[in-house]
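Visitor: I am new to this structure and would like a close look at a single part of it. Please start with the whole and then go to one helix in detail.

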Amino acid sequence: MLPSALKPAMDSFNSVMRFFTNQKSTIGYASLAIATIGGERLFSLFSFQCPCNRQQNLAYGLTYLLGPAVVLLCVGLFMSTPLWRLYTGCCLNPLKLCPKGNFVGCCSKLFRVLMTALVAPIMWLSVALLNGTFYECAVSGINSQEVVDLFCKNMTSTCEQELAKVPCLKSNLPVVETTELLLMLRAQSQILGWSLIITAALVGLIGTCYRNCRSKVSYLQLTFWKIYMNKEREKFDAYAEDYATKLADRNLKSFFENREPEAFTFPNHKAWEAISSVYVYRHSDQCYSTLQRYVEHPDRDYSPETARLDGEHSLY
């Protein structure tokens, strides 16, 4: 029992912990934003060196502007559990990706996966465009008369030849013209950055409003659903680790003691397939996941697996 004097402090501590637990997504996105800003600054200060050459500026600037965004998109997709839950095994069984009667649900799931993976690339592009360094280098190297006319209007005749050197402050243009060109380039970059941020915010708001408007459950039930799914994932990981440890111990004991393995209860292949499918809410049953639907189904199959898998799968 805790002393009465410590109870208020412990209650406050528990309240703070509950707050941070409930705000995991917000904290995660905030951390991602801070990491993106820090990464962009490191690239700008220590890695990026615009060649200030018309033949190289465009490719070099776009590489730094778009390259990290593509990498972040790939990392986001690679770390997406819902994507691999949909994709794994679909080459052998295409109906697993989009079962009959569930095409809209699968497309919706894939769209949400893509939107989640796009958060980090959009953050990178927004920060990079607001800073303007990569955009200045890329645009100053565009070999287009329209672009040259846009920036060099009402300037000296050497502007066209010196435009690519402006980001490095090495052009032979007057200081006033160089400053004006830099301000124009940076203003365009920041306008694009804010346009991207505004567009992403509006798309996120409209998408959330549409999804909630079309929700088949009430707000409180949807809140309960989210809590349940988080708890189910946490418990599944704990149970999986526990059973994997027990199975490894049983197999190693059988090997080293040179005897028949003990009986071990384990879900069969059909059961794994059933709980790995895409979940779609139905009014006919009050189930919140494919796992709950499987365990509550009257015809579930608890028999041991007897057939081999159609294909081979290696973890190494």
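Guide: In this predicted model, the protein has 14 helices and zero strands. Read from the N terminus, the order of elements is therefore α-α-α-α-α-α-α-α-α-α-α-α-α-α. The chain holds 316 residues, and 25% of them are buried. About 22,300 Å² of surface is exposed, with carbon and sulfur atoms supplying 65% of that area. Of the contacts between residues at least 6 apart in sequence, 63% join residues at least 24 apart.

The part to look at closely is helix α11, which covers residues 175-213. The helix has 39 residues, and at 1.5 Å a residue these should span 57 Å. The C-alpha atoms at its two ends are 56 Å apart, which agrees with that expected span.

Next comes the buried side of the account. The residues of α11 that count as buried are Glu177, Thr178, Leu181, Leu182, Leu185, Ser189 and Gly193. An α-helix has 3.6 residues a turn, so residues three or four places apart point the same way. As for partners, the buried residues of α11 pack against four helices: α7 (119-131), α8 (133-140), α9 (145-151) and α10 (159-162).

Two other places help to set this helix in context. One is Tyr60, a residue of helix α3, which runs over residues 57-78. Tyr60 counts as partly exposed because its relative accessibility is 23%, and the buried class stops under 20%. Leaving aside residues up to four places away in sequence, Tyr60 touches Ser47, Phe48, Gln49, Cys50, Pro51 and Cys137. Of these contacts, Phe48 lies 12 residues from Tyr60 along the chain, and their C-alpha atoms are separated by 9.0 Å. Another of the contacts, Cys137, falls within the range of α8 (133-140), one of the helices against which the buried residues of α11 pack.

The other place is an enclosed space. A search of the whole structure finds one cavity of 30 Å³ or more, and the volume of the largest cavity is about 30 Å³. Its lining consists of Arg250, Lys253, Ser254, Arg259, Glu260, Pro261 and Glu262. By type, the lining residues divide into five charged, one polar and one nonpolar.

To return to the helix itself: α11 has end C-alpha atoms 56 Å apart, and its buried residues, including Leu181 and Leu185, pack against α7, α8, α9 and α10.

Methods: Residues numbered from 1 in each chain as written. Predicted model: local features only at pLDDT ≥ 70, side-chain atom pairs only at ≥ 80, totals over all residues. Heavy atoms only, no water. Expected span 1.5 Å × (residues − 1). Buried < 20%, exposed > 50% of the residue type's maximum accessible area, 1.4 Å probe, protein only. Contact = heavy atoms within 4.5 Å. 1 Å grid on protein atoms, 1.4 Å probe; cavity = no way out; pocket = protein on both sides within 12 Å on 5 of 7 lines; lining within 4 Å. Points joined across faces, edges and corners; volume = space filled by probe spheres on them. Nonpolar A, V, L, I, M, F, W, Y, C, P; charged D, E, K, R; others polar. Areas by Shrake-Rupley, 256 points an atom, 1.4 Å probe, with all protein chains shown as cover.
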